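Here's a quick tour of a structure, written for someone who likes to know the cut-offs behind the words. Have a look at the model first, then read on.

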Amino acid sequence: MDIIEQLKFHEKDQLSKWIASEEKTNRRFSKDLVNFANENPDKIKQYCINTLPKEFSSLSIVYEALSEFSVAHNTLLLEEVKRVITLAKAKKIKAEYIEVLEDIETEDIYSKDETIYIEIIDYITSELHIDNEEKLNLQLLNLIDWFLIEYDEDDDIKEVSVWISRMKHLAENAKQPEVREEARDALENLDENLSYNENPLNLESSSILNKISSFFKR
């Protein structure tokens, strides 16, 4: 079987064989997948487009391989972030299936392709809306948390102020308590010096928010 046929097998098998295989076997396949993608970028892109995320998806294999063993396919990964979220927004897949995007390894994207890293988080945060269904906002916030694991405040990425503004709006105005709490947690994870005081509508920080105080003037 070629790479696409093997991916289709794992899709049909709901990753059962993949999960049961030894790590070295899976790593070998992941590297073979990257080589295939390097030689056949349109085929791997089309496979992704034709695959709807579900609870156990072969897309997780693709995302992990392309992000862990290559930096040549980060644009495709950005496109996939947009595609999967759009599918969830249109209710063509369950909101919880956004979780498959957490199989994208963030380290190399952040360290070697900061522009794509910024575009990814900028897109995800732009999809946070108080009128979204609760599950959608919760999944988006979880995804933001995942991508922010690698963020280093010392890098002083100017777009962070916009991300914070969007999350803060949700933390203050979301209708569901769970969404407000998750948004606050995401904000605190973004900056360990940032936290809510006794009045949850007042956000305080001794570091990053001081730099962008204009976003939070009363």
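## Ground rules

Buried means under 20% relative accessible area, exposed means over 50%, and partly exposed is in between, using a 1.4 Å probe and protein chains only. By that yardstick Lys91 is exposed, with a relative accessible area of 60%.

This is a predicted model, where local features need pLDDT of at least 70 and side-chain atom pairs count only at pLDDT 80 or more, while totals for chains, interfaces and linings use all residues. Residues are numbered from 1 along each chain as its sequence is written, and side-chain values use heavy atoms, with hydrogens and water left out.

## The overall layout

The protein chain has 12 helices and 2 strands; these are DSSP runs (helices H or I, at least four residues; strands E, at least two) numbered from the N terminus. Along the sequence the pattern reads α-α-α-α-α-α-α-α-α-α-α-β-β-α.

Of the 218 residues in the protein chain, 47% are buried. The accessible surface of the chain is about 11,400 Å², with 44% of that belonging to carbon and sulfur atoms; the areas come from the Shrake-Rupley method with a 1.4 Å probe, and for residues only the protein chains shown count as cover. As for contacts (heavy atoms within 4.5 Å), take those between residues at least 6 apart in sequence: 66% of them join residues at least 24 apart.

## Helix H5 and its cover

How many of the 10 residues of H5 are buried? The count is 8, so H5 is largely enclosed by the rest of the structure. The buried set is Leu59, Ser60, Ile61, Val62, Tyr63, Ala65, Leu66 and Ser67. Their cover includes helix H1 (3-12), helix H2 (16-20), helix H3 (23-39), helix H4 (41-49), H6 and H7.

Ser67 is a good residue to zoom in on. It sits in helix H5 (residues 59-68) and is buried at 1% relative accessibility. Skipping neighbours within four places in sequence, Ser67 touches Leu77, Asp103, Ile104, Glu105, Asp108 and Ile109. Ser67 and Leu77 are 10 residues apart in sequence, with their C-alpha atoms 7.9 Å apart.

## Around helix H6

Ala88 belongs to helix H6 (residues 74-89) and is buried, at 8% relative accessible area. Beyond neighbours within four places in sequence, its contacts are Ile93, Ala95, Ile98 and Leu136. Pro53 is 35 residues away from Ala88 in sequence and 9.6 Å away in space, C-alpha to C-alpha.

H6 also holds a charged pair: Arg83 forms a salt bridge with Glu80, the closest N and O atoms being 2.8 Å apart. (A salt bridge is a side-chain nitrogen of Lys or Arg within 4 Å of a carboxyl oxygen of Asp or Glu.) The two are 3 residues apart in helix H6, so about one helical turn separates them. Arg83 is buried at 15% relative accessibility, and Glu80 is buried at 2%.

## Salt bridges across the sequence

The whole structure has 11 salt bridges. One of them joins Glu127 to Lys89, with the closest N and O atoms 2.6 Å apart. Glu127 lies in the loop between helix H8 (114-126) and H9 and Lys89 in helix H6, so the pair ties together parts 38 residues apart in sequence. Glu127 is buried at 9% relative accessible area, whereas Lys89 is partly exposed at 43%.

Glu133 forms a salt bridge with Lys91, the closest N and O atoms being 2.8 Å apart. Glu133 lies in the loop between H8 and H9 and Lys91 in the loop between H6 and helix H7 (107-112), so this pair ties together parts 42 residues apart in sequence. Glu133 is partly exposed, at 48% relative accessibility.

## Acids without a partner

Glu182, in helix H11 (residues 177-190), is buried yet has no salt bridge. The nearest side chain of opposite charge, Arg184, is 11 Å away (Lys and Arg count as positive, Asp and Glu as negative; His and the chain ends are not counted). Leaving out neighbours within four places in sequence, Glu182 is in contact with Leu138, Leu141, Asn142 and Asp145.

On the surface, Glu114, Asp152, Asp154, Asp155 and Asp156 form a negative patch. Patches are made of residues with over 30% relative accessible area and no salt bridge, with like charges joined within 9 Å and nonpolar side chains (Val, Leu, Ile, Met, Phe, Trp, Tyr) within 5 Å; a charge is placed at NZ of Lys, CZ of Arg, CG of Asp or CD of Glu. Asp155 is in the loop between helix H9 (134-147) and helix H10 (160-173) and is partly exposed, with a relative accessible area of 37%.
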